[in-house]
Amino acid sequence: MSDTDPRRYPSLDKALRDYHMPLENDDHIRRFCAQLGIREFYNVDSYSYIKAIRPVGDPGPALHIHYSYTTGFASEAEAQEAAGVYKHWKSYRGKTMWGVDHPLPWSPEAAPIDERRRGAGESRKTCPTCHTVLPASGRCDWCS
């Protein structure tokens, strides 16, 4: 993907705003992205996560930054460092990948669209099983 790719966000802040990430998760996500040197962020077609590409020369997988967690850490040590005081765990994405929780987990009370980040009247539906934001098709990319 190039700098002119329309799916590429100009910054992590823009990606977090467009994805409607809760403000409580911002600093945590910024910290581990900075630790890994990540500077490229993409809107995937399903809009269920932000894809964060590692720097050139880093053989680790891309991170998938979801509403309440991130996957794609290359080792338990990398995940543990990224998690800080939050939980880290073996990822479903691959045998060697790990994930970390974000400070504000998903809950019905903390709906997946943060009102502080979006315009009034805008809404996006979530999957009733895994709670990721659904694409325009209305079919969950993870559960379908």
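Is Phe73 buried or exposed? Phe73 counts as buried because its relative accessibility is 0% (buried means under 20% relative accessible area, exposed over 50%, partly exposed in between, with a 1.4 Å probe and protein chains only). The views below show where Phe73 sits, starting with the whole fold.

This is a predicted model, in which local features need pLDDT of at least 70 and side-chain atom pairs count only at pLDDT 80 or more, while totals for chains, interfaces and linings use all residues. Residues are numbered from 1 along each chain as its sequence is written, and side-chain values use heavy atoms, with hydrogens and water left out.

**View 1. The whole protein has 3 helices and 7 strands.** Helices (H or I, at least four residues) and strands (E, at least two) are DSSP runs, numbered from the N terminus. Walk along the chain from that end and you meet β-α-α-β-β-β-β-α-β-β. Of the 144 residues, 44% are buried. The accessible surface comes to about 7700 Å², and carbon and sulfur atoms hold 53% of it (areas come from the Shrake-Rupley method with a 1.4 Å probe; for residues, only the protein chains shown count as cover). Take the contacts with a separation of 6 or more: 52% of them involve residues 24 or more positions apart (contact means heavy atoms within 4.5 Å).

**View 2. The strands line up in an open sheet of 7, in the order β1-β2-β3-β4-β5-β7-β6, with antiparallel pairing.** Two strands pair if DSSP finds at least two bridges between them. β1 and β6 stand at the edges with a single partner strand each, so one side of each has no neighbour in the sheet. As for side chains, in a regular strand they alternate between the two faces of the sheet.

**View 3. At the β1 end of the sheet, β1 (residues 8-9) joins β2 (residues 40-43) through 2 bridges.** Look for Arg8, whose bridge partner in β2 is Tyr42. β2 also runs antiparallel to β3 (residues 50-53), with 4 bridges between them. Here Phe41 stands opposite Ala52 in β3. Carry on to β4 and you find 3 bridges from β3, again antiparallel, with Ile50 opposite Ile65 in β4.

**View 4. At the β6 end, β7 has β5 and β6 as partners.** β5 and β7 pair in the antiparallel sense over 4 bridges. One spot to find is Tyr69, whose bridge partner in β7 is Asp101. β6 (residues 88-90) is joined to β7 by 3 bridges, also antiparallel. In that pairing, His88 stands opposite Val100 in β7.

**View 5. Helix α2 has its ends about where a helix of 14 residues should put them.** Its end C-alpha atoms are 21 Å apart, which agrees with the 20 Å that 14 residues should span at 1.5 Å a residue (the expected span is 1.5 Å times one less than the number of residues). The buried residues of α2 are Asn25, Asp26, His28, Ile29, Phe32, Cys33 and Leu36. Their cover includes α1 (12-19), β2, β4 (63-65), β5, α3 (76-83) and β7 (98-101). Just after the helix comes Gly37, with a positive phi near 75°.

**View 6. Phe32 and Phe73 form an edge-to-face aromatic pair, one of 2 aromatic pairs in the structure.** Their rings sit 5.4 Å centre to centre, with 85° between the planes. (Rings of Phe, Tyr and Trp, taking its six-membered ring, pair if their centres lie within 6.5 Å; planes under 30 degrees apart count as stacked, over 60 as edge-to-face and the rest as tilted.) The pair links distant parts of the chain, with Phe32 in α2 (residues 23-36) and Phe73 in β5 (residues 69-73), 41 residues apart. Phe32 counts as buried too, at 0% relative accessibility. Leaving aside neighbours within four places in sequence, Phe32 is in contact with Leu63, Thr70, Phe73, Ala82, Val100 and His102.

**View 7. The largest nonpolar core has 23 residues.** A nonpolar core is a set of buried Ala, Val, Leu, Ile, Met, Phe, Trp, Tyr and Cys residues joined through side-chain atoms within 4.5 Å. The residues with the most contacts inside this one are Ile29, Phe32, Cys33, Phe41, Leu63, Ile65 and Phe73. α1, α2, β3, β4, α3 and β7 each supply at least two residues.

**View 8. His20 lies in the loop between α1 and α2.** Its phi is near 65°, a positive value in a residue other than glycine. Most residues other than glycine have a negative phi. His20 counts as buried, at 6% relative accessibility.
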